[in-house]
Amino acid sequence: MTAPDVYKMKDGRMTDNELVRECLGGKMESYRELMDRYRDHAMAIAVNILANREDAEDACQGAFLKAYRTLAGFDANRSYKNWFYALLSNHCLDMIRKRTRFKGFLRRFRYEDPAAVVAPPPSSAPFEELDFRYLRPLPPKQRMALFLWSQEGYSAAEIAAVLRCTPNTARVHLHRARVKLRTLLEEEKNAGS
Amino acid sequence: MPDHKPHVKEYGDDLATLDEARRATISKEQLGGVKDFWPGFTDAVDEKGPKKRVRTGDGLIPQWALGAAGLLVVIGVIVLVPKLFRRGVPTAAPEETAVIFRIDSIKINEEPAQAFIFQTQDQGSTFVWVEKQL
């Protein structure tokens, strides 16, 4: 059985799944093509989940490597794009879990005020323009659902495929994100008036 | 009957709109130039290509599964072997093994020092930090 036609490229370029096949055959350049194809998307996803540009770059670097190493396990009947997005979002969530554990570890041994440890690290100067104030109050899965829905036009079923949950759970993530965002916007409006 | 309709919120009033969500999230365009991950990738990856699965009599098994199985065997040996040797040796009651830790005073260079005792949240460890009094 071949990959569904929906994944075929209309401009004559090779499909993702064809590139994967070539890559498994040992052609490294095919993987470079895949990386170039999804580099911007990957960064946008990682930035929205991690709410930090430098962490997002680390996550993308790690996820591209992980995807390459596990390419043999990719099911050619599925969409490479969704498979990679799922792997990337999982990688980002792992990073957040590790970061939380490390902060907990520091809190146990530090004599300073714990609030100082919890404060988010300052982002580096060139990336100050990215505005994370609406993303940071949301849990990572809600950020992801909100991003895929608003920026990528994903349906609940597609979000579910990336988050590896049921469509109903994806709907709940998205609904909660929209409620929280509305509250934040209202609070900001009230504070301004 | 009084008309409640004007006071009832429309469905969706408490939800952010698509446009609001777009403005709240970071788009690809906002990122500007994205780093090229290829050089870092080629440094990290070994030139053999994607990880291969190991062929066994029953089919393909991922290498990590074999690694995990090996690790379990090693842990099993480490845990079980000392237990086998300890069989028959009477163990001390918890009261006998308890350690009483007490500090009356600490001096550094014959000067009274400050002592801080940290107890970890799980109460499994205690740290003592001693400083010269300034």
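Which residues touch the most other members of the largest nonpolar core? Here are some notes on that and on the rest of this predicted model, in the order I would look at them.

1. **The core.** The largest nonpolar core holds 55 residues, and A:Ala46, A:Ala145 and A:Ile159 are the ones that touch the most other members. Helices α1, α2, α3, α4 (80–109), α6, α7 (156–163) and α8 of chain A each give two or more residues to this core, and so much is also true of α1 (18–24) of chain B. The largest share comes from α2(A), with eleven residues.

2. **Around A:Ala145.** If you would like one residue to start from, try this one. Apart from neighbours within four places in sequence, A:Ala145 is in contact with A:Ile159, A:Leu163, A:Ala170, A:His173, A:Leu174 and A:Ala177. One of these partners, A:Ile159, is itself among the residues that touch the most other core members.

3. **The contact between the chains.** Chain A puts 36 residues in contact with 29 residues of chain B. On the chain A side, at least two residues each come from α1 (16–24), α2 (28–50), α3 (53–69), α6 (140–150) and α8 (167–192). The most come from α2(A), which gives nine residues. Sorted by class, this side of chain A has 21 nonpolar, eight charged and seven polar residues. Note that α2(A) leads here and also gives the largest share of the core.

4. **Confidence in chain A.** The mean pLDDT of chain A is 83, with 81% of its residues at 70 or more. Among the elements of the chain, α6(A) has the highest mean pLDDT, 94, and helix α5 (residues 114–118) the lowest, 47. Two stretches call for a careful eye. Residues 1–6 of chain A have pLDDT below 50, and this stretch has five contacts in the model beyond near neighbours in sequence. Residues 113–128 of chain A are also below 50, and that stretch has eleven such contacts.

5. **Chain B.** This chain has five helices and five strands. Read from the N terminus, its elements follow the order α-α-α-β-β-α-α-β-β-β. Of the 134 residues in chain B, 4% are buried. Among the contacts in chain B with a separation of 6 or more, 9% join residues 24 or more positions apart. Its helix α1 (18–24) nevertheless gives two or more residues to the core described in the opening point.

Conventions
Residues numbered from 1 in each chain as written. Chains lettered and ligands numbered in written order. Predicted model: local features only at pLDDT ≥ 70, side-chain atom pairs only at ≥ 80, totals over all residues. Contact = placed C-beta atoms within 7 Å. Helix = DSSP H or I, 4+ residues; strand = E, 2+ residues; numbered from the N terminus. Nonpolar A, V, L, I, M, F, W, Y, C, P; charged D, E, K, R; others polar. pLDDT = per-residue confidence, 0-100. Core = buried A, V, L, I, M, F, W, Y, C linked by C-beta atoms within 7 Å. Buried ≥ 20, exposed ≤ 12 C-beta atoms within 10 Å, placed from the backbone.
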